[in-house]
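Open the model in your viewer and keep the sequence at hand. The stops below go from the pair of chains to the DNA and then to single elements.

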2 protein chains.
Amino acid sequence: MLNQSESLDLVFQALADPTRRVMVERLTRGPASVSELAQPLDMSLPAVVQHLQVLETSGLVRTAKVGRVRTCTIDPKTLSLAEKWISERRALWERRLDRLGDLLAEEDD
Amino acid sequence: MLNQSESLDLVFQALADPTRRVMVERLTRGPASVSELAQPLDMSLPAVVQHLQVLETSGLVRTAKVGRVRTCTIDPKTLSLAEKWISERRALWERRLDRLGDLLAEEDD
DNA sequence: AGATTGGTTAAGCATATACTTAAGTATTGC
DNA sequence: GCAATACTTAAGTATATGCTTAACCAATCT
């Protein structure tokens, strides 16, 4: 099992590549096979599969092979993990700015 | 000027490192100098500065030097950029699941 | 059965990342 | 002025990342 920080490492690392984000975008429109994912991408199939593995070990994507075709889907829980980390920091920062505003207002009294 | 995709590359890449996330967390509690940022971190000062540079070129952090001390603050706009990308994908995926649910419900008629 | 499709494995390579130590440069305090 | 503080610069290194090509395997189609 991975701890929270290691998971975030993997998710943000996975999202840091434009090819992988294109793959994620494609998958938000529904499941796809490996070759469907590869079709718009300008690189070899093994390269696509390597990106797919990064997405899979990050937890962002789940895959299952039926016959000879591997079907890929998004796992939105992992996407939320990253979203939550960011929104919490932003909230903290904004609360701080509010407190700062209050302090300045008090000083005007 | 950077395009949207390149910005996202840099932001997610910046957030993919636990040391840098700790630095961001520290900065959400208010501005800090380089040595204050370095203090809880178990690495050399140049290493911290290198991380700081990654955060700065990603746009997540802004710094300004006054006298001999460099003060660092968060730029929440960049944090929102990443948050927005994720939430949009998640929304898209959830809408898709809803439509799928509707379709299945119709089939029951 | 033989060819095609869809994906996998392995090996190699160029560049990027995450550090390190050593030495240097401006402020600032005494 | 001299020392301490707060970085800064440079150079080196080990590991990771993002590809490539070549060869392989296992379902499916004809």
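Select the residues of chain B that lie at its interface: 100% of them are also interface residues in chain A, so the copies meet through the same surface. Bear in mind throughout that this is a predicted model.

Next, superpose chain B on chain A. The operation is a rotation of 180° with 0.0 Å of shift along its axis, and the RMSD is 0.0 Å. The two copies are therefore related as by a two-fold rotation axis.

Now show DNA strand C and the protein around it. There are 20 residues around this strand, and those that come nearest are Ser35(A), Arg68(A), Arg70(A), Gln50(B) and His51(B). On the DNA side, sugar and phosphate make up 63% of the atoms of strand C that come within 4 Å of the protein. Colour the protein surface near DNA strand C by residue class to find eight nonpolar, six polar and six charged residues.

Which elements should be selected to see where the surface near DNA strand C comes from? In chain A, take α3 (34-38), α4 (45-58) and β3 (69-74), and in chain B take α4 (45-58); each supplies at least two residues. The most comes from α4(B), which gives four residues.

Zoom in on individual side chains at DNA strand C:

- Arg70(A): one of its polar side-chain atoms is 2.6 Å from a phosphate oxygen of the strand.
- His51(B): here too a polar side-chain atom lies 2.6 Å from a phosphate oxygen of DNA strand C.
- Gln50(B): an N or O atom in this side chain is 3.1 Å from a base nitrogen of DNA strand C.

Stay in chain A and select β2 (residues 61-66) along with β3(A). These strands pair in the antiparallel sense over six bridges. Within the pair, the residue opposite Arg62(A) is Thr73(A), in β3(A). The two strands form a hairpin with two residues between them, and Gly67(A) in the turn has a positive phi of about 60°.

For the last stop, select Arg95(A), in helix α5 (residues 76-107) of chain A. Is this residue buried or exposed? Its relative accessibility is 51%, so Arg95(A) counts as exposed, the cut-off being over 50%. Finally, draw a distance from the C-alpha atom of Arg95(A) to that of Arg26(A): the two residues are 69 residues apart along the chain, and these atoms are separated by 36 Å.

How values were computed. Residues are numbered from 1 along each chain as its sequence is written. Chains are lettered from A and ligands numbered from 1 in the order in which they are written. This is a predicted model: local features need pLDDT of at least 70, side-chain atom pairs count only at pLDDT 80 or more; totals for chains, interfaces and linings use all residues. Side-chain values use heavy atoms; hydrogens and water are left out. Buried means under 20% relative accessible area, exposed over 50%, partly exposed in between (1.4 Å probe, protein chains only). Copies are superposed by least squares on the C-alpha atoms of residues with pLDDT of at least 70 in both. Contact means heavy atoms within 4.5 Å. A residue is near a molecule or strand if one of its heavy atoms lies within 4 Å of it. A polar contact is a pair of N or O atoms within 3.5 Å; within protein, one must be able to donate a hydrogen and the other to accept it, and residues adjacent in sequence count only if both atoms are side-chain atoms. Ala, Val, Leu, Ile, Met, Phe, Trp, Tyr, Cys and Pro count as nonpolar, Asp, Glu, Lys and Arg as charged, and the others, Gly among them, as polar. Two strands pair if DSSP finds at least two bridges between them.
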